[in-house]
Amino acid sequence: MALRRALSAAGRRWAQRLCSVARGDTIFAVSSGHGRCGVAVIRTSGPGSRGALRSLTGRPELPPPRVLALRRIRDPTTAEPLDRGLVVWFPGPHSFTGEDCAELHLHGGPAVVSGVLRALGGLPGLRPAEPGEFTRRAFRRGKLDLTAAEGLGDLIRAETEAQRRQALRQMEGELGRLYQRWSDTLTQALAHLEAYIDFSEDDNVEEEVLSQVDATVRALEQEIGSHLQDGRRGELLRGGVRAVIAGPPNVGKSSLLNLLCQRPAAIVSPVAGTTRDVVEVALNIGGYPLVLSDTAGLRDATDPVEQEGVSRARDRLRQADLVLAVLDAAAVPAEPAGLGAALGSLLPPAAPPCILVLNKADLLQGGGGTLRDACARGDPLPPATLLSCRTGEGLDHLLELLARQLAQLCGDPLAGSPSLTQSRHSLHLGDCVAALARYDRERRRDLGLAAERLRLARRHLGRITGHVGAEDVLDIIFRDFCVGK
């Protein structure tokens, strides 16, 4: 019942939005972000943009398209001056949304912005925009597909250089063009197959057409399958690599978290078992996003609260993309075999990639030469480093190891084919590959069923770009956009 009510409510919201578009509503919003700033940009989109710009500037003539013009902005009702700023006119379809658009570049004080927004809200046919509504209108008018819209949203939220590069590449249409090429290939194969079904008995279509379709489908199945097996690089880069600091109690896990984020994010105490809950911080390491979690020390605890903390730590370990395993450098064996055994007692089976951090290096006698040699030797150990959270010695080497691991996990966002960035892409591509795999089985029994498999595969590709069945995903995609975008 709850699901039915939710779907009904979603349907009503969609009906309202479609009706508002049909009526020709004009929307407006601050598109430069909120808060006091030097310049604020207010954007309008819709058929009323022309009249709104004339009303606020008090001039019948509009500035030349896409040319900044200095104008005094007035309240159309009272003729009170609100500000003096720059205005830009974007006649459709040559605008971001494809509709008539206008922008007002104003002084960014809250009183100025709120005054202009009130003036716009008082004009007939204008209303405040919903989150993501400008981009939604651009999608509706074919200015960008869903993958480009997702790339735009990711670009707005990008916090690291690598995220920016990936998002910009997707926003500019590379991922959409890749999926469209696959869709076009499927369309051609389907057309040839249907021609063979309809006309082969009349000898108008040669037998080798069917072999060409088979080869095309096999090649496409292999190409999409390889695209899916990218180690979730694009998704990791988009959402951040989830790394967990794990180790026994009192080895300096919380100190390591504080050292990496350069602030006292976690409580540090000489008492074992201080950390009970998971402490999480977001970091930028070498241009890659890292979501780092400090967890409770791993041991057989007797206190019920600590037991819950250890349980949560083990859960995070199982979900992690990367582990920073911390051991006490003064308490571990110096030879690789002993280090490997100590590390193995911490990590779960099929553990994710790991960096071994031997903390408290400042307490080692003679500089820890043997341990340094073991760390430098590598195999069978993972990348390892000596570190002193007290003095900071070894931090640069740890950051190098982290950046290297993140680059391996996320890849170069500018190299090769664009990466998958959304779980919905993976879902539809997986269904597409499954349909292509069943084509071969159906083809031996019934060419009509085989053709239906190609239609289904093409439908799944179309759902990614929004060319097929976009309605059920638009709310999900645009709900995290800021108002004014």
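This predicted model has a secondary structure that comes to 17 helices and 12 strands. Buried residues make up 48% of the protein's 485 residues. Among contacts with a separation of 6 or more, 68% are between residues 24 or more positions apart. Grab the structure and work through these.

**Exercise 1. Aromatic rings**

Find out how many aromatic pairs the whole structure holds, and classify what you find.

*Solution.*
- Start with the search: across the whole structure, it turns up 1 aromatic pair.
- Now look at the geometry. The ring centres of Tyr-179 and Trp-182 lie 5.5 Å apart, and their planes meet at 40 degrees, so the pair is tilted. The cut-offs behind that step: centres within 6.5 Å make a pair, planes under 30 degrees apart would be stacked, and over 60 would be edge-to-face.
- Next, place the two residues. Both belong to helix H7 (residues 174–199), where Tyr-179 and Trp-182 are 3 residues apart, or about one helical turn.
- Last, are they buried or exposed? Tyr-179 is buried, with a relative accessible area of 1%, and Trp-182 is buried with 1% as well.

**Exercise 2. A charge over a ring**

Work out which ring the charged end of Arg-43 sits over.

*Solution.*
- Follow the Arg-43 side chain out to its charged end, and you land over the ring of Phe-134.
- The distance to the centre of the Phe-134 ring is 5.3 Å. The limit to check against is 6 Å, counted from CZ of Arg.

**Exercise 3. Reading a sheet**

Take the open sheet of 6 strands and say which strands stand at the edges.

*Solution.*
- Write down the order: E8-E9-E7-E10-E11-E12, with mixed pairing.
- Check the two ends. Strand E8 (279–285) and strand E12 (384–386) each have a single partner strand, so one side of each has no neighbour in the sheet.
- For the twist, neighbouring strands here are turned by 25 degrees against each other on average, ignoring direction.
- Now zoom in on one pairing. Strand E10 (residues 322–328) and strand E11 (residues 354–359) run parallel and are joined by 6 bridges.
- Within this pairing, Asp-328 stands opposite Asn-359 in E11.

**Exercise 4. Cysteines**

Count the disulfides in the whole structure, then decide whether Cys-261 and Cys-410 are buried or exposed.

*Solution.*
- The count is quick: the search of the whole structure gives 0 disulfides.
- For burial, the cut-off is under 20% relative accessible area.
- Cys-261 comes in at 12%, so this residue is buried.
- Cys-410 has a value of 3%, so Cys-410 is buried too.

Methods:
Residues are numbered from 1 along each chain as its sequence is written. This is a predicted model: local features need pLDDT of at least 70, side-chain atom pairs count only at pLDDT 80 or more; totals for chains, interfaces and linings use all residues. Side-chain values use heavy atoms; hydrogens and water are left out. Rings of Phe, Tyr and Trp (its six-membered ring) pair if their centres lie within 6.5 Å; planes under 30 degrees apart count as stacked, over 60 as edge-to-face and the rest as tilted. Helices (H or I, at least four residues) and strands (E, at least two) are DSSP runs, numbered from the N terminus. Buried means under 20% relative accessible area, exposed over 50%, partly exposed in between (1.4 Å probe, protein chains only). A charge sits over a ring if NZ of Lys or CZ of Arg is within 6 Å of the ring centre and within 35 degrees of the ring normal. Two strands pair if DSSP finds at least two bridges between them. Axes are lines fitted to C-alpha atoms, for helices over the stretch in contact, and angles run from 0 to 180 degrees between N-to-C directions. A disulfide is a pair of cysteine sulfur atoms within 2.5 Å. Contact means heavy atoms within 4.5 Å.
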